[in-house]
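Student: Could you pick out one part of this protein and take me through it closely? I'd like to see how the pieces around it fit together.

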Amino acid sequence: MNHAQWKLARERKTAEGHTEPPEVAAMRTEIRMAFDLGQAVYDRRTELGISQTELAKRARMTQPQVSKLELGGTVPTLPLLARLAEALDASLNIALDGDTSTVEFVAHAA
């Protein structure tokens with residue numbers, strides 16, 4: 001079963017009245033938040049026109065760590081978030097509201 005089929009199966013079960021256990025819903029929320037952060041890092045990095053390797057150097061990370069972060073595979077520490085913001089020449093804004101999150105890097109004024 002491919003990824004699209006899993007999503008369709010989950011949606012079908014939801015439509016039939018099945019609900020996820022709270023721990024599964026919480027895990028799904030954590031994954032979504034990690035993905036949102038990774039997408040924001042990717043968007044800002046590509047906006048700057050720099051490679052993962054260059055971002056890694058600027059943020060004192062390795063390229064595989066940057067890749068994993070951009071794919072939503074890790075939850076960084078606050079000090080790492082600060083280094084990323086500096087490396088991306090931006091401020092990091094994170095808004096958390098229940099199970100939703102908004103993550104954006106705002107470029108510093110020239």
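Tutor: Happy to! Helices and strands here are DSSP runs, with helices at least four residues long and strands at least two, numbered from the N terminus. Keep in mind that this is a predicted model. Let's look at Leu88, which sits in the loop between α5 and β1 (90–97).

Is Leu88 buried or exposed? Its relative accessibility is 0%, and because buried means under 20%, Leu88 counts as buried. Leaving out residues up to four places away in sequence, Leu88 touches Val41, Arg44, Arg45, Leu48, Ile50, Leu55 and Phe105. The chain also brings Ala59 and Leu88 together in space: they are 29 residues apart in sequence, while their C-alpha atoms are separated by 8.5 Å.

Now widen the view. Leu88 belongs to the largest nonpolar core, which has 19 residues, and is among those with the most contacts inside it, along with Leu37, Val41, Leu55, Met61, Leu84 and Phe105. Two or more residues of this core come from each of α2 (22–48), α3 (52–59), α4 (63–70), α5 (78–87) and β2 (100–107). The largest share, five residues, is from α5. In soluble globular proteins, nonpolar side chains tend to be buried together.

Val41 offers a second viewpoint on the core. Apart from neighbours within four places in sequence, Val41 is in contact with Leu55, Leu69, Glu70, Leu84, Leu88 and Phe105. Two of those partners, Leu69 and Glu70, lead us to α4, where they are buried together with Val66. These three cover an arc of only 95° around the axis, which puts them on the same side of α4. An α-helix has 3.6 residues a turn, so residues three or four places apart point the same way. The buried residues of α4 pack against α2, α3 and α5. Just after α4, Gly72 takes a positive phi of about 80°.

One more stop: the largest pocket, which holds about 240 Å³ of space. Its lining includes Leu37, which we met above as a core residue. Others in the lining include Glu30, Met33, Val75, Pro76, Ile94 and Ser101. At least two lining residues come from each of α2, β1 and β2, and α2 gives the largest share, four residues. By character, the lining divides into nine nonpolar residues, one polar and one charged.

Terms used: Residues are numbered from 1 along each chain as its sequence is written. This is a predicted model: local features need pLDDT of at least 70, side-chain atom pairs count only at pLDDT 80 or more; totals for chains, interfaces and linings use all residues. Side-chain values use heavy atoms; hydrogens and water are left out. A nonpolar core is a set of buried Ala, Val, Leu, Ile, Met, Phe, Trp, Tyr and Cys residues joined through side-chain atoms within 4.5 Å. Buried means under 20% relative accessible area, exposed over 50%, partly exposed in between (1.4 Å probe, protein chains only). Contact means heavy atoms within 4.5 Å. On a 1 Å grid over the protein atoms alone, a cavity is a set of points where a 1.4 Å probe fits but cannot get out, and a pocket is an open set with protein on both sides within 12 Å along at least five of seven lines; lining residues have an atom within 4 Å of a point. Grid points are joined across faces, edges and corners, and a volume is the space filled by probe spheres set on the points. Ala, Val, Leu, Ile, Met, Phe, Trp, Tyr, Cys and Pro count as nonpolar, Asp, Glu, Lys and Arg as charged, and the others, Gly among them, as polar. The arc is that of the directions from the helix axis to the C-beta atoms.
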